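I opened this notebook to record what I looked up in the structure, entry by entry. Each entry takes up one topic.

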Amino acid sequence: MKMERKLFLVFFLLITLPLSFIGYITYINYSASIEEKTIVFSATMQEAMMARIDDYIEDMIRISSIPAYQDDIKQNLIRSNQYYEQREAAKGDSEGSVPEDFNLLLAIQRGIENNISFINMIKRGSNTVYIFDQYGNGYYTTVSGSIREDIMDSYKTWREKAELSSGEELLFSTQKYISNLQSEKYAFTVVRKIIDKSLEPIGLIAVDANVSVMEDGIKELDTAIKGSSIVFDEEGTIIYDSLGERMAIHAADDPVIKRATGKKGSFYEKIDGVNRLYIYTTSPETGWKIMTAIPESELTKDASVIRKVTWIATIVTLLVALLISFIFSFALTNSLRRMTRLMKNVQEGDFGVQFPVKYRDEVGQLGNQFNRMIVRIDQLIQDIYEMETKKKAAELQALQNQINPHFMYNTLETIRMTAEINDDTEAADMIAILGKLLRYSISDLHEEVTLADEAAHVRHYVELLNYRYPGRFVLTMDIPEAMSRFPLIKLALQPIVENAIYHGLDESKPVMHIQLTAEVHGQEAVIRVKDDGIGMNEKTLEELNRALAGKISRNPSSGGQSGGIGLRNINERIKLHYGPSYGLQAAGKPGHGAEISLMLPAEKVNR
């Protein structure tokens, strides 16, 4: 990629990433702020709405307690009970029956209904008051026009629940009914027993409240937060639905209603493919909950506008910034492009070019150095040409003086053949072994060999020593077949054996035993060279191991080194070749010989 493109890409990232990040954070924070404020605002309005409903229900409860303090109502209910009690008793008497007393009934009705009219005047609103005697005869006024057509069915339900009470009010959730005007109505009801002075029940009062009393407040709430609301009781019965779809329906299995646990809260729920935010508050008086559902699209409408404006502003800013970045990147790299062209000319052999330096900035300094470099390169080429001429002459002289190693091998072979011709087999064998050792030793030290090859070289070395010191050294090897082809750096074992012979030989023993073993322990291959020589004292052993670990700069116990290759040299070669975790370790005691262990990776063992 060209430099101007790299600069342009850097500018692009430096501009795009912060702007995108800022825009994203702004949108997220704004959306969260709107959601938080909506929840707080909705909860406040819901609490105010529930307070109004609680106040209205409290007024209904007070209305239901009025008959307990109105002697006129109680006297008329007692007269009604007595009249119908006599008629019920007369039905079972075969001798006769009590004739209907229309004047008495009319007087009772007028007395009770006048009081009902008075009660209706106390609390203005969409409410209807019913008063029943013990025989289910109802008294009410039709002024409101919302009298239940199935009043007796409703009375049976109210009476059944009220029987279990001791005179306290009962609140019934919204019920659907048909009015006397044949219209469909919804109302919630407060019911209470009417008790005389002796605490005996003499009747029942029911105060109906049309759900329309909630309509204005909930409509105001829905308009303010652009949602829809429902009111439901503790059993999951819908008391009011601003959409009018589920009035007076038992919806305890609704997943939204199930999630509305606790006094107040909010949550998201996706229904019919629309994700909505649900906010709910509970009345501390009735236990009713009001829940408002706000579509997420409405909730994020303002945030979406902010997001669009932010993105438009970001894109416009980005385009302007990128245009400026392109111009700057082109201007900044113009001098570098010119220098690149000059370098190509130099690469083709033209050393007469010069970079025009106009400014003293970094590019100008680079141009000065470029010009000086061209002059210096041209001079060096001339010098190298002269040096190469002299070097070729020196190499020719060196070739004339060089001894070809093959000449040495061939000479040794000639001497060996001469010894065999002269029947000197011992000298011939020694020369043959020396040739093998020489050929193995002077080849590439960086070459990798097998453990079997290295063991054979050690065997040849000991054999040659035994020609010099007949029967003095006994070499035994215990190498598993699986490790015979284990790859090993060259000349890793023979210097260790040489070190053991020259520094561990015990003159008091006629024979020195040297043992070479190999085995695998977990992830390590361990090759041991053990002798029964004079061994090492504790101090010498400690110094040797510290030297092998690299903790001191000199190996005091390695002694003379055959051909410059000693224990420390082998240890360093192993660490360079296999890694710092591997190398040599020494062990031994005075008079009990010494043991050198090669720790190598076991991953290359053929298993």
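**Entry 1. Helix 4.** I began with the buried residues of helix 4, which are I151, S154, Y155, W158 and A162. Viewed down the helix axis, these buried residues fall within an arc of 105°, so they line one face of helix 4. I noted the general background that an α-helix has 3.6 residues a turn, so residues three or four places apart point the same way. What does the buried side of helix 4 pack against? I found strand 1 (127–133), strand 3 (170–178), strand 4 (184–195) and strand 5 (201–210) as its partners. On the face turned away from the buried side, I listed the exposed residues K156 and E160.

I then checked the length of helix 4, which holds 12 residues (151–162). At 1.5 Å a residue the expected span is 16 Å, and the end C-alpha atoms are 16 Å apart, which agrees.

**Entry 2. The model as a whole.** I record here that the model is predicted. The chain has 607 residues, of which 40% are buried. I counted its secondary structure as 15 helices and 17 strands. Among contacts with a separation of 6 or more, 60% join residues 24 or more positions apart. The accessible surface of the chain is about 35500 Å², and carbon and sulfur atoms contribute 55% of that surface.

**Entry 3. A nonpolar patch.** Which residues make the nonpolar surface patch of about 580 Å²? I read them off as I312, V316, V320, I324, F328 and L332. I looked up F328 further and placed it in helix 8 (residues 301–347). The relative accessible area of F328 is 51%, and F328 is therefore exposed, the cut-off being over 50%.

**Entry 4. Salt bridges.** How many salt bridges does a search of the whole structure find? The search returns 15. I followed several of them in turn.

I started with R472 and E507, whose side chains meet in a salt bridge at 3.7 Å, N to O. This pair links distant parts of the chain, 35 residues apart: R472 is in the loop between helix 12 (451–468) and strand 12 (473–478), and E507 is in the loop between helix 13 (494–504) and strand 14 (512–521). Is each partner buried or exposed? R472 has a relative accessibility of 17% and counts as buried, whereas E507, with a relative accessible area of 61%, is exposed.

Next I took E595 and R528, which form a salt bridge with their closest N and O atoms 3.4 Å apart. E595 lies in strand 17 (residues 594–601) and R528 in strand 15 (residues 524–531), so this pair ties together parts that are 67 residues apart in sequence. I find E595 partly exposed at 21% relative accessibility, and R528 partly exposed at 22%. Since buried means under 20%, neither E595 nor R528 counts as buried.

I then turned to E572 and R568, whose side chains meet in a salt bridge at 3.4 Å, N to O. Both lie in helix 15 (residues 567–578), and because they are 4 residues apart, about one helical turn separates them. E572 counts as partly exposed at 40% relative accessibility, and R568 counts as partly exposed at 27%.

Finally, I noted a network of salt bridges that links E58, D59 and R62.

**Entry 5. Positive phi angles.** I kept one piece of background in view: most residues other than glycine have a negative phi. Against this I looked up two leucines.

L199 has a phi near 65°, a positive value in a residue other than glycine. I located L199 in the loop between strand 4 and strand 5. With a relative accessible area of 66%, L199 is exposed.

L491 has a phi near 55°, again positive in a residue other than glycine. I located L491 in the loop between strand 13 (487–489) and helix 13. Is L491 buried or exposed? At 4% relative accessibility, L491 counts as buried.

**Entry 6. Cross-reference.** I note that strand 4 and strand 5, which flank the loop holding L199, are among the strands against which the buried residues of helix 4 pack.

Key: Residues numbered from 1 in each chain as written. Predicted model: local features only at pLDDT ≥ 70, side-chain atom pairs only at ≥ 80, totals over all residues. Heavy atoms only, no water. Helix = DSSP H or I, 4+ residues; strand = E, 2+ residues; numbered from the N terminus. Expected span 1.5 Å × (residues − 1). Buried < 20%, exposed > 50% of the residue type's maximum accessible area, 1.4 Å probe, protein only. Arc of directions from axis to C-beta. Contact = heavy atoms within 4.5 Å. Patch = residues over 30% accessible without salt bridge, like charges linked within 9 Å, V, L, I, M, F, W, Y side chains within 5 Å. Areas by Shrake-Rupley, 256 points an atom, 1.4 Å probe, with all protein chains shown as cover. Salt bridge = Lys/Arg side-chain N within 4 Å of Asp/Glu carboxyl O.
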